[in-house]
Every structure is written in structure tokens, then in C-alpha cells.
Amino acid sequence: MDREGQKGTGKKDAGMTAREYLSQAYYLDQRINSKIEQVESLNDLARKAGCAISGMPRNPDRAVSSMANAVERIVDLQAEVNADIERMVRLKAEIMAVIRQVEDPELQTLLEKRYLNFHTWGQIAVDMGYNVRHLYRIHDRALLEIKVPEVVTGCR
């Protein structure tokens with residue numbers, strides 16, 4: 001197996017590496033957080049559209065229209081967030097099952113902290129009582145133990 005946890009001669013094949021597979025949850029979490037920020041921004045915009053008061057005469061349908069557009073976009077984004085959260089739950093369960101196949105509990109702990117809890121290397125080093133360089137060596141060993149499923153649900 002090569003350094004990325006794939007069987008072979010050290011060359012990447014068309015499949016996902018162990019690191020890519022395990023990192024899917026992090027990227028999905030980032031997308032969820034981004035969409036939540038967009039929902040918050042649209043909520044602010046909708047409040048502003050409903051509260052815009054001016055001494056100038058204007059078309060009342062314009063405010064209603066922009067408010068309706070904002071509300072529609074909010075509803076769509078919230079549906080996307082909910083779908084992504086459901087996908088995240090399934091993905092994390094799948095990744096946890098793959099991590100549990102690693103026999104060494106120390107390697108399991110490191111993989112869980114990094115790829116399920118999204119801890120930084122510094123946080124993990126403090127928690128596990130290692131320096132970061134040693135942690136990288138352990139991580140390399142842990143990746144070699146990961147068996148990426150043949151069928152990957154994929155969230156990238």
C-alpha cells in the first residue's frame with residue numbers, strides 16, 4: 001500500500017485515497033456552514049426589505065416582490081441545509097464504520113479526532129500527549145490501515 005492508504009505501487013489510481021475519503025465530512029460540514037451563513041444573510045435582507053421606509057412615493061409591489069424572492073431563496077437554502085445534514089449523518093456513520101476496522105485504538109482515536117470532530121493537529125497533539133511531528137507519523141500509519149470502500153457515497 002502506498003503512503004495515501006491505497007494498494008498499488010505508490011501511484012494514485014482513479015479511486016479515492018484514504019485521506020480524500022475521510023476528508024469528505026469536513027468539506028460537507030464547510031458547505032453546510034456556508035449555506036447557514038447565506039440563510040442568515042438572506043434573513044437580514046428580508047428584514048431590511050420589509051422595513052425600508054422612505055418619504056418618497058414608491059411602488060409597494062417592489063418591496064413585496066424582493067421580500068418574496070428572499071423568502072423563497074431562504075426556504076430553498078434551508079431545504080438544502082437539511083438534505084446536507086442528513087447526508088452528513090450518513091457519511092459520518094459510514095466513516096466511523098471504516099475507522100472501526102482499524103485495529104489499533106490509538107489510530108482510531110486520532111482518525112476520529114481529525115476526520116469526525118475536525119480537530120486541528122495542535123489540538124490532537126495536546127489531547128493525545130504527542131508533538132505534532134510524531135502525530136503526523138502516527139497519522140501516516142493510520143491512513144495505511146484505512147480500507148476505502150469500493151462504493152463511496154461521496155459528498156464532494
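Me: Is F118 buried, exposed or partly exposed?
Reply: F118 counts as partly exposed because its relative accessible area is 22%, where buried means under 20%, exposed over 50% and partly exposed in between, computed with a 1.4 Å probe on protein chains only. This is a predicted model in which local features need pLDDT of at least 70 and side-chain atom pairs count only at pLDDT 80 or more, while totals for chains, interfaces and linings use all residues. Residues are numbered from 1 along each chain as its sequence is written, and side-chain values use heavy atoms, with hydrogens and water left out.

Me: Where does F118 lie, and what about its phi?
Reply: F118 lies in the loop between α3 and α4, and its phi is near 60°, a positive value in a residue other than glycine. Helices here are DSSP runs of H or I with at least four residues, strands are runs of E with at least two, and both are numbered from the N terminus.

Me: Which residues line the second largest pocket?
Reply: The lining consists of R19, S23, Y26, Y27, R114, Y115, F118, H119, T120 and W121. The elements giving two or more residues to this lining are α1 (18–51) and α3 (105–115), and α1 gives the most, with 4 residues. A pocket is an open set of points on a 1 Å grid over the protein atoms alone, where a 1.4 Å probe fits, with protein on both sides within 12 Å along at least five of seven lines, and lining residues have an atom within 4 Å of a point.

Me: What volume does the second largest pocket have?
Reply: The volume is about 170 Å³, taken as the space filled by probe spheres set on the points, with grid points joined across faces, edges and corners.

Me: Switching to K113, why does it count as buried?
Reply: K113, which is found in helix α3, counts as buried because its relative accessibility is 18%. Leaving aside neighbours within four places in sequence, K113 is in contact (heavy atoms within 4.5 Å) with F118, H119, I124, D127 and M128.

Me: Which residues in α3 are buried?
Reply: In α3 the buried residues are L107, Q108, L110, L111, K113 and Y115. At the start of α3, a side-chain oxygen of D104 reaches to within 2.8 Å of the backbone nitrogen of E106.

Me: What does L110 contact further along the sequence?
Reply: Beyond its neighbours within four places in sequence, L110 is in contact with W121, I124, M128, L135, I138, H139 and A142. L110 is also among the residues that touch the most other members of the largest nonpolar core, along with L22, I95, I99, L111, L135 and I146, in a core of 28 residues. α1, α2 (60–100), α3, α4 (121–128) and α5 (132–145) each supply at least two residues of this core. A nonpolar core is a set of buried Ala, Val, Leu, Ile, Met, Phe, Trp, Tyr and Cys residues joined through side-chain atoms within 4.5 Å.

Me: Which residues does the second core include?
Reply: The second, separate core has 6 residues, including V39, A46, I74 and L77.

Me: And why is K35 counted as buried?
Reply: K35, which lies in helix α1, counts as buried because its relative accessibility is 16%. Not counting residues up to four places away in sequence, K35 touches L77, E80, V81 and D84.

Me: How many helices and strands are there in the chain?
Reply: The protein chain has 5 helices and 0 strands, and buried residues make up 31% of its 156 residues.

How values were computed. A polar contact is a pair of N or O atoms within 3.5 Å; within protein, one must be able to donate a hydrogen and the other to accept it, and residues adjacent in sequence count only if both atoms are side-chain atoms.
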